[in-house]
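Colleague: Please give a close account of the largest pocket and of the structure that surrounds it.

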Amino acid sequence: MKLYLYLNKETHVETWINGGGPVTLSLASNYWNKDRNGIYTPDENLQIESKGDPLYIPGVFEFGNNVTIHAENNKIFYNGMINHNIYHYQKFEDALIICFSTNFHQKAALKFKKMFCVEIIDYVKLFNSLNEQIGLIGKDGFCQYTKGLNRNHFLKSIEDKWQKEYRIIWVGLSEKVDVFIPKGIAIDRTRDLNIKTSLY
């Protein structure tokens, strides 16, 4: 498993290669935006489980946070559509998060709007160090991408598939956390991206 972390500054690369910090881990809500743009998406924090007939109708059924709808043997009629046997659960859940990518390519860097990149070469050491500093065991895994309505921290819109994310989340935290990066867990891959000009 090869993981890459795209970064904004050369000094950030030095920290990830040589160790040190502090490095600030942000909440998932920091990456929420109503419009998709680089690292920002409208999917962050949404936890949606929807079963049965489709219930989401733009402009009619647009749900806020912490909503549960369950209907059996009932029918909702809308513009000739019949909805029944519906289960829809939705909530907003924040979490501390760090995101990597398995996509190593100049095009990915440009879409992330970041000019620098490191490759994680000792993920286990990094994972264990972060857990110890944060005081919780994070949940990690690859993101999956869907055309459907369901969402969670590891299930996002198909529109974000280009990110090819692998992420660690720590649920239950409500503030950003500063951590220190252990030495020897990453190498610089910026030159291999062959980015010649500034992105800004």
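Modeller: The largest pocket has a volume of about 830 Å³. Of the 34 residues lining this pocket, Leu5, Tyr6, Tyr31, Ile39 and Lys114 are the closest to its centre. The model is predicted: local features need pLDDT of at least 70 and side-chain atom pairs pLDDT 80 or more, whereas totals for chains, interfaces and linings use all residues. Residues are numbered from 1 along each chain as its sequence is written, and side-chain values use heavy atoms, with hydrogens and water left out.

On a 1 Å grid over the protein atoms alone, a pocket is an open set of points with protein on both sides within 12 Å along at least five of seven lines, a cavity is a set where a 1.4 Å probe fits but cannot get out, and lining residues have an atom within 4 Å of a point. Points are joined across faces, edges and corners, and the volume is the space filled by probe spheres set on them.

The pocket lining divides into 17 nonpolar, eleven polar and six charged residues (Ala, Val, Leu, Ile, Met, Phe, Trp, Tyr, Cys and Pro are nonpolar, Asp, Glu, Lys and Arg charged, the others, Gly among them, polar). At least two lining residues come from each of β1, α1, β2, β8 and β13, and β2 supplies the largest share, six residues. Helices (H or I, at least four residues) and strands (E, at least two) are DSSP runs numbered from the N terminus; the protein chain has four helices and 15 strands.

Strand β8 holds Ile97, which counts as buried at 2% relative accessibility (buried is under 20%, exposed over 50%, partly exposed in between, with a 1.4 Å probe and protein chains only). Beyond its neighbours within four places in sequence, Ile97 is in contact (heavy atoms within 4.5 Å) with residues including Leu25, Tyr31, Glu44 and Arg167. The C-alpha atoms of Ile97 and Leu25 are 6.5 Å apart, although 72 residues separate the two in sequence.

The largest nonpolar core (buried Ala, Val, Leu, Ile, Met, Phe, Trp, Tyr and Cys joined through side-chain atoms within 4.5 Å) has 27 residues, of which Trp16, Phe100 and Ile120 touch the most other members. Two or more of its residues come from each of β1 (3–7), α1 (10–18), β2 (20–27), β8 (95–101), β9 (116–120), α3 (123–134), β13 (165–171) and β14 (177–181). Helix α3 gives the most, five residues. Apart from neighbours within four places, the contacts of Phe100 include Leu3, Leu5, Ile120 and Leu126.

There is also one cavity of 30 Å³ or more. About 30 Å³ of space lies in the largest cavity, and its lining consists of Asp43, Glu44, Asn45, Leu46, Gln47, Asn152, His153, Lys156 and Arg167. These divide into one nonpolar, four polar and four charged residues. His153 sits in the loop between β11 (144–146) and β12 (155–157) and is buried, at 5% relative accessibility. Its side chain makes a polar contact of 3.4 Å with the side chain of Gln47 (N or O atoms within 3.5 Å; within protein one can donate a hydrogen and the other accept it, and residues adjacent in sequence count only if both atoms are side-chain atoms). Farther along the sequence than four places, His153 is also in contact with Arg167 and Ile169, among others.
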